[in-house]
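Hello,

Please find the structure below. My notes on what was found in it follow.

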Amino acid sequence: MASDFYRSLHPARIGKQLAKQASKNKLRTLIVVFCAVVFFYLLFDNKGIVTRLKLESQRKELHRKV
């Protein structure tokens, strides 16, 4: 009875809906893709956040040894 109130989610249907929305809103899709690329660049670049955290831990370790 509780399942009468919920739509069943099919992965194929979700993909089609996302593709349809992306084709309708091309500017929004472009902005989202651009932001995702910038986000991953900031995280995983040579001067990114992940590298900075590794370097900070190495610096603390070297200070501890000295």
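**What was found**

Arg52 has a relative accessible area of 56% and is therefore exposed. Please keep in mind that this is a predicted model, so the notes start with how confident the prediction is and then return to Arg52.

**Confidence**

The chain has a mean pLDDT of 84, and 86% of its residues reach 70 or more. Among its elements, helix α3, which covers residues 49–65, has the highest mean pLDDT, at 92. The lowest mean, 81, belongs to helix α1, residues 11–24.

**Helix α3 and its salt bridges**

Helix α3 consists of 17 residues. From its first C-alpha to its last it reaches 24 Å, which is close to the 24 Å expected at 1.5 Å a residue. The helix is hardly covered: of its 17 residues, the count that are buried is 0.

The structure has 3 salt bridges by the rule applied here. Which residue does Arg52 form a salt bridge with? The partner is Glu56, and the closest N and O atoms of the two are 4.0 Å apart. Both residues lie in helix α3, 4 residues apart, about one turn of the helix. A general point helps here: an α-helix has 3.6 residues a turn, so residues three or four places apart point the same way.

Glu56 also meets Arg59 in a salt bridge, with a distance of 3.2 Å from N to O. Arg59 and Glu56 are separated by about one helical turn, because they are 3 residues apart in helix α3. Is Glu56 buried or exposed? Neither word fits: its relative accessibility is 27%, so Glu56 counts as partly exposed. Arg59 is partly exposed too, with a relative accessible area of 41%.

Further along the numbering, Glu61 forms a salt bridge with Arg64. Their closest N and O atoms are 2.4 Å apart. These two residues are also in helix α3, 3 residues apart, about one turn of the helix. Glu61 has a relative accessible area of 32% and is therefore partly exposed. Arg64, with 61%, is exposed. As for how the bridges connect, Arg52, Glu56 and Arg59 are joined into one network by salt bridges that share partners.

**The aromatic residues**

How many aromatic pairs does the structure hold? There are 2. One of them is formed by Phe39 and Phe40, and its geometry is edge-to-face. The ring centres in this pair are 5.6 Å apart, and the angle between the planes is 70°. An angle over 60 degrees counts as edge-to-face, which is why the pair has that label. Phe39 has a relative accessible area of 48%, so it is partly exposed. Phe40, also at 48%, counts as partly exposed.

Phe40 forms an aromatic pair with Phe44 as well, and that pair is stacked. Here the centres are 6.2 Å apart and the planes differ by 15°. Planes under 30 degrees apart count as stacked, so 15° falls into that class. Phe40 and Phe44 both lie in helix α2, residues 26–44, with their positions 4 residues apart, about one turn of the helix. Phe44 has a relative accessibility of 57% and therefore counts as exposed. Taken together, Phe39, Phe40 and Phe44 form one aromatic cluster.

Regards

Technical notes
Residues are numbered from 1 along each chain as its sequence is written. This is a predicted model: local features need pLDDT of at least 70, side-chain atom pairs count only at pLDDT 80 or more; totals for chains, interfaces and linings use all residues. Side-chain values use heavy atoms; hydrogens and water are left out. pLDDT is the predictor's confidence in each residue, from 0 to 100. Rings of Phe, Tyr and Trp (its six-membered ring) pair if their centres lie within 6.5 Å; planes under 30 degrees apart count as stacked, over 60 as edge-to-face and the rest as tilted. Buried means under 20% relative accessible area, exposed over 50%, partly exposed in between (1.4 Å probe, protein chains only). The expected span of a helix is 1.5 Å times one less than its number of residues. A salt bridge is a side-chain nitrogen of Lys or Arg within 4 Å of a carboxyl oxygen of Asp or Glu.
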